[in-house]
Amino acid sequence: MKALVYHGPGQKAWEDVPDPTIVGAGDAIVRVDTTTICGTDLHILKGDVPAVQEGRILGHEAVGTIVEIGSAVQTLAVGDRVIVSCIKSCGHCANCKIGLYSHCLGDEGASGTGWVFGHLIDGTQAEYVRVPYAENSLHLLPPGVTDEEAVMLSDILPTGFEIGVQYGRVKPGDVVAVIGAGPVGLAAIATAGLYGAGIVIAIDTDLNRLEQARVFGATDVVVSGSPDWKKQVLALTDGAGVDVAIEAVGIPETFGIAIEVVRPGGNVANVGVHGKPVELHLENLWIQNINISMGLVNTNTTPMLLKLVAQKKIPADKLATHRFRLDQILEAYDTFSRAAETKALKVVIS
Ligand code: NAD
Ligand code: ZN
């Protein structure tokens, strides 16, 4: 089959690789009907994620059709249309039992951390993908949900919701600032209302992204780096600072913005993947009683979010801005990596 293979920092190729085969009895082989590109793929390609080894097939988001199942798979069948979660999880181990799917201890490997497709196991930017623990790692698609909507549930919708909104402990009436209105930040904006956020402020440098933020439910937008950006944010909170600051970029500067705008006793939820260390001034954070959370998405909310997408309560379809065929994936990467010029949100590859 053809797949997009990582060959070290800055290097990738669309090339022939062996077809995946069933390894464990719980596996499924999925034909990839639709995939997409994530900000994290760009981090990997920059070399920011050294755990990803040369030769790895990239990608962790997909919707597809099951073409083969292992002998232990009972709840799924060949021909089923499924969402591939960005992370494989057995559903039974000590970590999976508490919903920490991102730290599944399943015997797929010894480390027990981050079995994200396209990281430690081969990914979804390919014609086929092997999915371990298929019963827990795949989600059956109901009729009426399109591939384009569903592919947003592999990663970005659960990420924005779980690591941004849930870890940020958004409560009814809260003022929430989302720093970075890329697809992940937009997912946090689109789901902050599920816990009743009152005011949702999008902060970004890119005017197009701020315009998009309003489409996904931001009540206010602030241009990051504008001379009075902080004054604008504080004006929306009667000077107190925001209850919850969600960092969805992954650079020290934007983590700093989150710390600057949060009120004493507030929550900073870091979603961004930081390739570089960030300094924490613990004394300042301590004196302000700031809570900081962070982490890898678990995708344990995907079934719930899928219901909301099916009910058209989350505008997942609006995230898809550009479309490519699978054999045009290098072009898709180019478009996605120049989002400021191309105005791309998610590039859909089918
Ligand atoms: P993206 O690059 O498309 O979006 C980032 C946004 O940040 C852009 O709109 C950009 O204009 C904005 N930005 C850049 N510099 C800024 C600044 N100084 N101030 C304000 N805004 C600024 O990325 P994405 O796909 O939306 O992903 C966002 C982050 O989430 C990435 O770091 C990605 O790796 C991470 N991520 C984390 C998880 C997880 O499990 N925690 C999962 C998926 C993605
Ligand atoms: Zn597990």
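This is a short walk through a protein model, from its two domains to a few single residues. Keep in mind that the model is predicted.

Let us begin with the overall layout. The domain assignment splits the protein into domain 1, made of 2-155 + 298-349, and domain 2, made of 157-294. If you mark the C-alpha centre of each domain, the two points lie 26 Å apart. Where the domains meet, 22 residues from domain 1 and 18 residues from domain 2 take part in the contact. On the domain 1 side, the elements giving two or more residues are helix H1 (39-46) and helix H11 (302-310). H1 has the largest share there, with 4 residues. That side of domain 1 is a mixture by class, with 9 nonpolar, 7 polar and 6 charged residues.

Helix H1 deserves a second look. Its buried residues are Gly 39, Thr 40, Asp 41, Ile 44 and Leu 45. These buried residues pack against strand E1 (2-6), strand E2 (12-16) and H6. Just past the end of H1 you will find Gly 47, which has a positive phi of about 95°.

Next comes the ligand. Ligand 1 is surrounded by 31 residues, and the closest are Gly 39, Gly 180, Gly 182, Ser 224 and Gly 250. Gly 39 is already familiar as one of the buried residues of H1. The elements that supply two or more residues to this shell are H1, helix H5 (156-166), H6, E9 and helix H9 (252-261). Sorted by class, the shell holds 14 nonpolar, 12 polar and 5 charged residues. Each of the two domains, domain 1 and domain 2, contributes at least three residues to the shell.

Now turn to the interior. In soluble globular proteins, nonpolar side chains tend to be buried together. Here the largest nonpolar core has 111 residues, and those touching the most other members are Val 176, Ala 177, Val 178, Ile 189 and Ile 246. Helix H6 gives the most to this core, with 7 residues. Both domain 1 and domain 2 give residues to this core, so it lies between them. Val 178 is a good place to pause: leaving out residues up to four places away in sequence, Val 178 touches Gly 185, Ala 188, Ile 189, Val 200, Ala 202, Ile 203, Ile 246 and Ala 248.

From there, move to helix H7, residues 207-215. Which of its residues are buried? They are Arg 209, Gln 212 and Ala 213. These three sit on the same side of H7, because they cover an arc of only 110° around the axis. The buried residues of H7 pack against helix H6 (183-192), strand E9 (199-204) and strand E10 (220-223). After H7 comes Gly 217, whose phi is positive, near 120°.

Two single residues show what a buried position looks like. Ala 258 sits in helix H9, and Ala 258 counts as buried because 29 C-beta neighbours lie inside 10 Å. Not counting residues up to four places away in sequence, Ala 258 touches Ile 179, Ala 245, Glu 247 and Val 268. Although Ala 258 and Ile 203 are 55 residues apart along the chain, their C-alpha atoms are separated by 9.9 Å. The other residue, Val 131, lies in strand E6, residues 128-131. Val 131 is buried too, with 29 other C-beta atoms within 10 Å. Setting aside neighbours within four places in sequence, Val 131 is in contact with Asp 27, Ala 28, Val 30, Val 84, Lys 88, Ser 137 and Leu 138. Between the C-alpha atoms of Val 131 and Leu 210 there is a separation of 36 Å, with the two residues 79 places apart along the chain.

Finally, visit two loops. Asp 238 is found in the loop between helix H8 (229-235) and strand E11 (242-247). Although Asp 238 is not a glycine, its phi is positive, about 50°. Is Asp 238 buried or exposed? Asp 238 counts as exposed, because it has 8 C-beta neighbours inside 10 Å. Asn 289 is in the loop between helix H10 (282-287) and strand E13 (291-294). Asn 289, also a residue other than glycine, has a positive phi near 55°. With 10 C-beta neighbours inside 10 Å, Asn 289 counts as exposed.

Methods
Residues numbered from 1 in each chain as written. Chains lettered and ligands numbered in written order. Predicted model: local features only at pLDDT ≥ 70, side-chain atom pairs only at ≥ 80, totals over all residues. Domains from an automatic or database assignment. Contact = placed C-beta atoms within 7 Å. Nonpolar A, V, L, I, M, F, W, Y, C, P; charged D, E, K, R; others polar. Buried ≥ 20, exposed ≤ 12 C-beta atoms within 10 Å, placed from the backbone. Arc of directions from axis to C-beta. Core = buried A, V, L, I, M, F, W, Y, C linked by C-beta atoms within 7 Å. Near = placed C-beta within 6 Å.
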